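This report goes through the strands, the nonpolar cores, the charged pairs and the aromatic rings of the structure shown below.

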Amino acid sequence: MLTFQKVENNQIKELAGLASAIWHEYWTCLLSHRQIDYMVKNFQSEKAIKNQIENENYNYYFIIENNEKAGYFGISYKNDYLFLSKLYLKKEFRHNGLGTKTFEKIKRIADGKPVRLTVNKQNINSINAYKKWGFKIIDAVVTDIGAGFVMDDYIMEV
């Protein structure tokens with residue numbers, strides 16, 4: 001059974017650990033280990049997640065399948081849309097419909113507002129999943145994230 005649990009302050013450390021494990025497994029085909037470490041430290045560490053929740057209008061949710069934390073998603077409320085910042089599943093939970101069911105939950109949270117995200121231009125599997133869910137590419141952006149790293153992303157919206 002699939003459920004979603006909003007991450008509370010006392011669960012941020014657990015979320016950061018889950019994020020680190022997934023990122024270090026998932027991103028190795030597209031990014032260097034150095035860049036993954038940098039991004040986890042700056043965007044998905046306990047300190048970074050706590051800051052996002054407290055200062056950037058973020059909410060995080062655990063994705064729970066049969067009482068196991070299968071992944072997580074992070075959203076941020078903007079004036080005209082809901083920003084889907086993160087949607088990650090552990091390897092063993094991918095390609096079985098959990099992403100689609102999770103996106104249905106995100107659409108309910110958006111309550112009629114558009115949902116927008118950024119996705120690495122080389123992340124073909126995710127781009128294809130987002131297109132399947134109705135997302136369209138509306139723009140592209142290259143973002144300097146520091147330490148000599150950039151993110152070369154599409155902006156997608158549904």
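## Strand pairing around β5

In this predicted model, L82 stands opposite V115 in β5. The two strands concerned are β4, which covers residues 82–89, and β5, which covers residues 115–120; they run parallel and are joined by two bridges. Together with helix α4, residues 98–110, these two strands make up a β-α-β unit that is right-handed.

Strand β5 also pairs with β7 (residues 149–157), here in the antiparallel sense and over five bridges. Within this second pairing, L117 has M156 of β7 as its bridge partner.

## Two nonpolar cores

As background, nonpolar side chains in soluble globular proteins tend to be buried together. In this model the largest nonpolar core has 26 residues, and those with the most contacts inside it are L15, W23, W27, Y60, Y72 and Y88. At least two residues of this core come from each of α1 (12–26), α2 (33–44), β2 (58–65), β4 and β7, and α1 gives the most, with eight residues. Another core, of 23 residues, lies apart from it and includes L89, F103, A110 and I127.

## Two buried residues, S85 and A48

Is S85, a residue of strand β4, buried or exposed? Its relative accessible area is 16%, and because buried means under 20%, S85 counts as buried. When its neighbours within four places in sequence are left aside, S85 is in contact with Y58, G74 and I75.

A48 has its place in helix α3, residues 46–55, and at 10% relative accessibility this residue also counts as buried. Leaving aside neighbours within four places in sequence, A48 is in contact with K41, N42 and F43. The C-alpha atoms of A48 and I12 are separated by 9.8 Å, while the two residues are 36 apart along the chain.

## Salt bridges

Seven salt bridges are found in a search of the whole structure. In one of them the side chains of K90 and E68 meet, with 3.4 Å from N to O. K90 belongs to the loop between β4 and α4, whereas E68 belongs to strand β3 (residues 68–77), so this pair ties together parts that are 22 residues apart in sequence. Both partners are partly exposed, K90 with a relative accessible area of 21% and E68 with one of 35%.

A further salt bridge joins K121 and D152, whose side chains meet at 2.9 Å from N to O. This pair links distant parts of the chain, since K121 is in the loop between β5 and α5 (124–132) and D152 is in strand β7, 31 residues apart. K121 is partly exposed at 22% relative accessibility, and D152 is likewise partly exposed, with a relative accessible area of 31%. Strand β7, which holds D152, is the strand that pairs with β5 in the antiparallel sense.

Where do E104 and K107 lie? Both are in helix α4, three residues apart, which is about one turn of the helix. These two residues form a salt bridge in which the closest N and O atoms are 3.5 Å apart. E104 is partly exposed, with a relative accessible area of 35%, and K107 counts as partly exposed at 36%.

## Aromatic rings

A pair of aromatic rings is described by the distance of the centres and the angle of the planes. The structure holds 15 aromatic pairs. In the pair formed by Y130 and W133, the ring centres are 5.6 Å apart and the planes stand at 65°, so the pair is edge-to-face. Y130 counts as buried at 11% relative accessibility, and W133 is buried as well, with a relative accessible area of 14%.

Ring pairs also link W23, Y26, W27, Y58, Y60, Y72 and Y88 into a cluster. Among the members of this cluster are W23, W27, Y60, Y72 and Y88, which belong to the residues with the most contacts inside the largest nonpolar core. Another member of the cluster is Y58, which is one of the residues in contact with S85.

Conventions
Residues are numbered from 1 along each chain as its sequence is written. This is a predicted model: local features need pLDDT of at least 70, side-chain atom pairs count only at pLDDT 80 or more; totals for chains, interfaces and linings use all residues. Side-chain values use heavy atoms; hydrogens and water are left out. Two strands pair if DSSP finds at least two bridges between them. Helices (H or I, at least four residues) and strands (E, at least two) are DSSP runs, numbered from the N terminus. A crossover is right-handed if, with the strands pointing away from the viewer, the path from the first strand over the helix to the second runs clockwise. A nonpolar core is a set of buried Ala, Val, Leu, Ile, Met, Phe, Trp, Tyr and Cys residues joined through side-chain atoms within 4.5 Å. Buried means under 20% relative accessible area, exposed over 50%, partly exposed in between (1.4 Å probe, protein chains only). Contact means heavy atoms within 4.5 Å. A salt bridge is a side-chain nitrogen of Lys or Arg within 4 Å of a carboxyl oxygen of Asp or Glu. Rings of Phe, Tyr and Trp (its six-membered ring) pair if their centres lie within 6.5 Å; planes under 30 degrees apart count as stacked, over 60 as edge-to-face and the rest as tilted.
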